[in-house]
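Reader: I should like to learn how to read the features of a structure such as this one. Please take me through them in turn.

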Amino acid sequence: MISHIKSVYRDGDYFHVIAWCEDMVLLSPATLVDPEEFGPALCEAKFYCDPDEIPPDSVDDLIDYLNNGAVS
């Protein structure tokens, strides 16, 4: 899940997104008494967007768009 978008830009038919994503990096391995613990990490993605598709206007809408599986 994306919690915060640091930057986003469009390059032709592609979007480049740098964002903080939850549960991406192992902070602490599992022990006999505690489960493994994950934390946020800065991630980068590049994805194709159909030229006819209109991307969301606001950052919040873009986060929802990406978190809800619009990109596979």
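Reader: Which residues make up the largest nonpolar core?

Author: In this predicted model, the largest nonpolar core consists of eleven residues: I2, I5, F15, V17, A19, C21, F47, C49, L62, I63 and L66. At least two of its residues come from each of β1 (2-11), β2 (14-28) and α1 (59-67). The largest share, four residues, is supplied by β2.

Reader: What does V17 touch, leaving aside residues up to four places away in sequence?

Author: V17 touches I5, S7, V8, C43, E44, A45, F47 and L66.

Reader: How are β1 and β2 joined, and do they run parallel or antiparallel?

Author: As a general idea, the side chains of a regular strand alternate between the two faces of the sheet. Here β1 and β2 run antiparallel, with eight bridges between them. D11 stands opposite Y14 in β2. The hairpin of these two strands has two residues between them, and G12 takes a positive phi near 65° there.

Reader: How many disulfides does the count come to?

Author: A disulfide is a covalent bond between the sulfur atoms of two cysteines. In this model the count comes to zero.

Reader: Why is C43 not bonded to C21?

Author: The cut-off is 2.5 Å between cysteine sulfur atoms. The closest cysteine sulfur to that of C43 is in C21, at 3.9 Å, and is therefore too far for a bond.

Reader: What of C49: is this residue buried or exposed, and how far away is the closest cysteine sulfur?

Author: C49 counts as buried because its relative accessibility is 3%. Its sulfur lies 18 Å from the closest cysteine sulfur, in C21, which is too far for a bond.

Note on methods. Residues numbered from 1 in each chain as written. Predicted model: local features only at pLDDT ≥ 70, side-chain atom pairs only at ≥ 80, totals over all residues. Heavy atoms only, no water. Core = buried A, V, L, I, M, F, W, Y, C linked by side-chain atoms within 4.5 Å. Buried < 20%, exposed > 50% of the residue type's maximum accessible area, 1.4 Å probe, protein only. Contact = heavy atoms within 4.5 Å. Pairing = 2+ DSSP bridges.
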